Structures are given as structure tokens and as C-alpha cells.
Amino acid sequence: MTSPASEANREAVTPLAVGAALPRDEEALAAEIAPIANFPGGAPAGSSPSVGSPATSPEWTAAAADAESAAVDGLAPPESPAEVPAYGSWLARVSGSPAVPVRRVLTKSLALAALLLALVLAGQLVFHFRTAIAIATPGLRPALAALSEALGSEIPLPRHAEMISIEASDLQNEPGRGRLLALQATLRNAATYAQAYPALELALTDTSDKVIVRRVLLPVEYLPAAVVDNGAFAPNADVEVRLWLEAKDIQAAGYRLYVFYP
């Protein structure tokens with residue numbers, strides 16, 4: 001049962017709607033929101049935007065997105081170190097030497113190595129063909145001789161057998177000396193330059209022109225010592241050959257004589 005006093009008190013209370021906002025001064029509300037709107041990047045940490053505040057408006061969201069994009073772009077790294085003006089000097093201070101691209105250093109090293117190899121190869125070719133170079137260019141002979149002497153060598157004499165000819169030759173039994181054979185020949189150097197003395201090959205044949213014995217004669221065997229000491233077969237010159245050979249138990253009917261370089 002309800003008392004009359006309780007009913008009177010209930011009637012005195014003014015009912016309020018659920019969720020109704022308390023009346024507030026609009027100017028005071030705007031003054032409170034303004035600092036939040038001017039805060040860079042949105043509301044301060046720990047605060048939550050009020051209903052209907054600029055933080056939830058489309059204009060506020062777009063401004064915040066633009067500010068965040070600008071900040072991200074400002075922190076983005078450059079595409080290459082060359083875009084940063086102080087990058088080269090900073091790297092030079094850190095490494096203690098100017099900043100040089102690795103590819104450029106490698107290219108220069110390979111080019112230098114290739115140049116050195118080419119010079120070594122050219123020197124070897126000049127040394128190997130120094131005789132031919134001296135023949136083709138006599139003016140370079142002193143330089144080639146100096147190079148050979150520095151390397152403990154000398155310019156070898158040419159050995160062109162095709163320029164050596166046998167002008168005349170004869171093989172006879174020496175009268176009164178049993179089976180001794182006397183060989184006489186005239187050699188000619190038809191080249192315009194001095195050459196080394198060639199070796200001789202003497203082959204004795206039978207009546208069928210088959211070789212039955214062969215012997216190689218070196219210059220020290222068929223030339224006088226004074227001629228050998230001279231060392232060079234003068235250009236367009238002749239040299240006389242005369243020597244005796246012992247041919248025991250050999251029935252030779254003919255002979256062949258060749259010149260060659262061993």
C-alpha cells in the first residue's frame with residue numbers, strides 16, 4: 001500500500017528522458033573543442049573525441065591523413081645515395097678515403113692488369129722474333145742487342161737454309177791413302193744478311209743409288225778454326241769446304257750432299 005506522502009513526492013520529480021543531453025552553453029562548448037581541433041595530428045593522447053567534434057568529421061579525417069602522408073614522405077629514404085648532398089663527404093669521413101664506386105675501381109684494376117699482360121706479351125714476341133726484326137729493320141739492331149744482353153743472351157744469326165746453295169762439290173778417293181775420301185765443295189750465302197754456317201749431310205750410295213751410309217758434318221768439322229771463330233757466313237759470299245773421310249769396308253758408287261740447319 002502506498003502512502004499519500006510518497007505519491008506527492010513522486011509527482012514533484014520531473015522525469016528526464018534517457019540519453020538526453022544536459023543543456024550547455026554552445027559558446028563554452030566551442031571554446032573547449034577549439035584547442036583539440038588545433039592540436040597537430042588530432043586529439044592528445046589519452047583523450048577521446050566528443051560526439052560531433054571535428055575529429056570525427058570528414059574534413060578532420062582528410063587533414064589528418066594528409067599530415068600523416070606528408071610525414072611518411074619526409075621520412076622516406078632516397079632512391080640512391082647520390083641524391084643526398086652530404087652522402088659522399090660523410091662516407092669519405094667514415095672510410096677515411098673518397099667514396100669511389102666499387103665497379104669503377106674493379107674496371108680500372110682489370111684494365112691495368114690487361115695492359116701489363118699486353119706489354120709482357122709484346123716483350124716476349126719482340127725477344128722471340130728479334131732476329132727477324134733485326135733483318136727487316138737494321139736500325140733496331142743496337143736496341144735489340146742491348147735487350148738480348150740485358151737478358152743474358154745475344155741476337156742469334158739467321159738460319160735460312162733456302163738461301164744457302166752448293167755451287168760445286170766433288171768426292172774422290174785420295175790417291176795413295178787407301179780408303180780415304182776427299183770431299184770438296186763450295187757453299188754460297190745468297191742472302192743480303194749474314195747467316196750462321198749450315199750443317200752438311202753426306203750420304204754415300206751404291207750402284208742402285210740407294211743410301212748405304214750417312215754422316216752429318218758440323219761447321220767445326222768442315223771449316224778451319226779461324227773461319228768458325230768468325231761465326232757468321234757473310235752475305236753474298238762463298239766458302240770453300242775440303243775434308244777427308246775414312247770409308248773402310250764401304251763400296252760406294254756415288255754420293256749426295258745437302259745443307260741444312262739442325
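Start with Leu-200 in this predicted model. Setting aside neighbours within four places in sequence, Leu-200 is in contact with Leu-187, Arg-215, Val-216, Leu-217, Tyr-222, Val-241, Leu-257, Tyr-258, Val-259 and Phe-260. Two of those partners turn up again when you look at the largest nonpolar core: of its 25 residues, Leu-187, Leu-200 and Tyr-222 touch the most other members. The elements that put two or more residues into this core are E1, E2, strand E3 (199–205), E5 and strand E6 (254–260). E5 gives the most, with five residues.

Now follow one of those contacts, Leu-217, which is found in strand E4 (residues 211–217). Leu-217 has a relative accessible area of just 1%, so it is buried. What does Leu-217 touch, not counting residues up to four places away in sequence? The list is Leu-183, Ala-199, Leu-200, Tyr-222, Leu-243 and Leu-245. For a feel of how the chain comes back on itself here, take Leu-217 and Leu-202: they are 15 residues apart along the chain, and their C-alpha atoms are separated by 7.6 Å.

Next, have a look at strand E2 (residues 180–189). E2 is mostly covered, with seven of its 10 residues buried. E2 pairs with strand E1 (residues 164–173) through nine bridges, and those two strands run antiparallel. E2 is also joined to strand E5 (residues 237–246), by 10 bridges, and that pair runs antiparallel too. Leu-181 is a handy place to see both pairings. It is the bridge partner of Asn-173, and it also stands opposite Leu-245 in E5. Leu-245, you may recall, is among the residues that Leu-217 touches.

Leu-181 and Asn-173 lead us to the largest pocket as well. About 190 Å³ of space lies in that pocket. It is lined by 13 residues, and the ones nearest its centre are Leu-171, Asn-173, Leu-181, Ala-252 and Ala-253. E1 and E6 each supply at least two residues of the lining, and the largest share, three residues, comes from E1. As for chemistry, the lining divides into eight nonpolar residues, four polar and one charged.

Ala-252 and Ala-253 also show up around Thr-205, whose place is in strand E3. Is Thr-205 buried or exposed? It counts as buried, because its relative accessibility is 3%. Leaving aside neighbours within four places in sequence, Thr-205 is in contact with Lys-210, Val-211, Ile-212, Ala-252, Ala-253, Gly-254, Tyr-255 and Arg-256.

Finally, a couple of backbone oddities are worth a click. Most residues other than glycine have a negative phi. Asp-209, though, has a phi near 65 degrees, a positive value in a residue other than glycine. Asp-209 is found in the loop between E3 and E4, and its relative accessibility of 44% is why it counts as partly exposed. Asn-236 is another one to check, with a positive phi near 55 degrees. Asn-236 lies in the loop between helix H9 (225–230) and E5. At 45% relative accessibility, Asn-236 counts as partly exposed.

Definitions and conventions: Residues numbered from 1 in each chain as written. Predicted model: local features only at pLDDT ≥ 70, side-chain atom pairs only at ≥ 80, totals over all residues. Heavy atoms only, no water. Buried < 20%, exposed > 50% of the residue type's maximum accessible area, 1.4 Å probe, protein only. Helix = DSSP H or I, 4+ residues; strand = E, 2+ residues; numbered from the N terminus. Pairing = 2+ DSSP bridges. Core = buried A, V, L, I, M, F, W, Y, C linked by side-chain atoms within 4.5 Å. Contact = heavy atoms within 4.5 Å. 1 Å grid on protein atoms, 1.4 Å probe; cavity = no way out; pocket = protein on both sides within 12 Å on 5 of 7 lines; lining within 4 Å. Points joined across faces, edges and corners; volume = space filled by probe spheres on them. Nonpolar A, V, L, I, M, F, W, Y, C, P; charged D, E, K, R; others polar.
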